[in-house]
Amino acid sequence: MSRYPIMKKNKKSYMKQGTRWTIIAVTVLLLLFIGIGILTGAKTTYRIYSSTIQEWTTKLEGSAFLYLFEMENRSFKDAHPEGNRIPSLTTLSFQLLTSLTPNDPRSLLGREIPGLSSYNSQIIIAGKGTDYSTLPIESEPPMIVDDRGEEGDVEENNEDEGKLEEKPVGEDRVYIYHTHNTESFYPHLPDESTDHDGKVNITLIGERLGEGLEKRGIGTIVDTTDVAALRSEKGMEYYQSYDAVRPVVEEAISQNGDIRYLFDLHRDSLSKEHTTTTINGKNYARFAFVIGAEHPQYEQNLQLASKIHQLLEEKYPGISRGVITKKGSGVDGIYNQDLHPNAILIEFGGVYNHLDELYRSADVMAEVFSDYYFEDEKVSTD
């Protein structure tokens with residue numbers, strides 16, 4: 001009998017054992033790396049702090065959080081972008097271990113190319129036409145603040161007259177303010193030498209929104225603090241606007257215990273094609289919701305913004321550009337939203353929008369938010 005078959009059999013057995021031990025070794029090393037990552041990432045106590053959890057979860061793709069919201073509220077099931085699928089366990093593990101997001105080269109290049117990290121935002125819910133090339137852009141620091149703006153002819157929106165029954169105004173529940181209170185609009189300025197005006201600016205939209213909410217019975221405080229002047233008095237730079245306005249917001253919260261929602265209104269700097277939509281033959285300024293992701297409780301702020309976006313899209317499809325989070329260099333990352341779980345930043349239109357379009361949108365926001373508010377009130381009292 002030949003001995004060669006026996007040798008071949010032994011050779012196969014050795015290869016099989018070698019493969020098995022290789023798989024075991026790789027698995028042990030992988031578990032070891034994960035364990036080391038958990039131990040070094042957590043605080044040196046027996047419990048894991050919320051800040052540690054936040055640090056891990058910020059490595060995940062933003063849309064993954066919709067699935068977490070869906071576990072608490074099934075209505076978020078309809079908020080998933082068309083064609084979006086739940087991330088696989090492999091994808092989630094890869095993001096947690098490497099901080100890299102598949103299909104988003106910024107997660108790799110942002111650390112290597114100066115300036116690219118300033119676009120460190122996550123699209124949580126993408127509205128029509130929203131992608132990483134059309135994210136909200138914060139205004140540049142103004143060279144001057146003009147006072148030559150004119151409102152011009154503004155069409156009054158009387159669509160609600162006769163069918164909107166004004167309700168008695170209750171306690172002050174909503175606080176509206178403007179961190180960049182001089183953000184203005186080119187159609188109301190004599191030229192494009194500046195897009196900041198001390199007269200015709202975003203504060204007019206805050207007044208309109210406040211009026212709309214009060215007509216619907218929601219007590220509203222519209223703060224008129226001149227943050228630009230306040231910043232100048234303190235010798236602060238434009239990028240420190242959120243620090244300048246923070247004491248104002250803190251005082252408002254402490255003196256008005258009934259405040260439940262805080263809206264910081266801004267206007268975007270994108271072109272009009274991205275900040276405007278047409279509904280039933282009329283132009284409306286579009287909304288974008290911005291949430292700072294650099295404080296531990298930001299998911300609560302995110303949940304409110306996501307719900308309002310969803311309700312807007314149900315009644316006025318295309319009017320919301322979506323919900324994004326911001327963190328990293330080049331952005332504030334908190335936007336004073338750590339002061340209250342229902343504090344959000346709303347971009348109203350852009351620098352090329354006319355007041356007609358902005359006022360219509362302020363009325364839409366008042367209508368949709370009041371629906372949300374009274375429904376939430378009903379649930380809270382049941």
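Helices (H or I, at least four residues) and strands (E, at least two) are DSSP runs, numbered from the N terminus.

**Figure 1. Overview of the predicted model.** The structure shown is a predicted model. By these assignments, the chain holds 11 helices and 9 strands. Of its 382 residues, 45% are buried. Contacts between residues at least 6 apart in sequence are joined, in 77% of cases, by residues at least 24 apart. The exposed area of the chain is about 20700 Å², of which carbon and sulfur atoms supply 53%.

**Figure 2. Close-up of helix α6 (residues 203–215).** The 13 residues of α6 reach 19 Å from the first C-alpha to the last, close to the 18 Å expected at 1.5 Å a residue. Buried positions in α6 include the glycines G206, G210 and G212. The leucines L204, L209 and L213 of α6 are buried as well, as are T203, I205 and R208. Just after α6, G217 adopts a positive phi of about 90°.

**Figure 3. Close-up of helix α10 (residues 298–315).** This helix has 18 residues and spans 27 Å between its first and last C-alpha, close to the 26 Å expected at 1.5 Å a residue. Among the buried residues of α10 are the nonpolar side chains L302, L304, I308, L311 and L312. Polar or charged residues are also buried in α10, including N301, S306, K307, H309 and Q310.

**Figure 4. Close-up of the largest nonpolar core.** This core comprises 47 residues, and those with the most contacts inside it are L209, F263, F289, F348 and F369. Helix α11 (residues 355–381) contributes the largest share of the core, 11 residues. Leaving aside residues up to four places away in sequence, L209 touches I176, F263, L265, F348, A362, M365 and A366. L209 is itself one of the buried residues of α6, and the partners A362, M365 and A366 fall within the residue range of α11.

**Figure 5. Close-up of another nonpolar core.** Apart from the largest core lies another, of 12 residues. Its members include the valines V227, V248 and V249, together with A343.

**Figure 6. Close-up of a nonpolar surface patch.** L29, L32, F33 and I36 form a nonpolar patch on the surface. Together, these four residues have about 400 Å² of accessible area. I36 belongs to helix α1 (residues 4–41). I36 counts as partly exposed because its relative accessibility is 42%, a value in between the limits of under 20% for buried and over 50% for exposed.

Note on methods. Residues are numbered from 1 along each chain as its sequence is written. This is a predicted model: local features need pLDDT of at least 70, side-chain atom pairs count only at pLDDT 80 or more; totals for chains, interfaces and linings use all residues. Side-chain values use heavy atoms; hydrogens and water are left out. Buried means under 20% relative accessible area, exposed over 50%, partly exposed in between (1.4 Å probe, protein chains only). Contact means heavy atoms within 4.5 Å. Accessible areas come from the Shrake-Rupley method with a 1.4 Å probe; for residues, only the protein chains shown count as cover. The expected span of a helix is 1.5 Å times one less than its number of residues. A nonpolar core is a set of buried Ala, Val, Leu, Ile, Met, Phe, Trp, Tyr and Cys residues joined through side-chain atoms within 4.5 Å. Patches are made of residues with over 30% relative accessible area and no salt bridge: like charges are joined within 9 Å, nonpolar side chains (Val, Leu, Ile, Met, Phe, Trp, Tyr) within 5 Å. A salt bridge is a side-chain nitrogen of Lys or Arg within 4 Å of a carboxyl oxygen of Asp or Glu.
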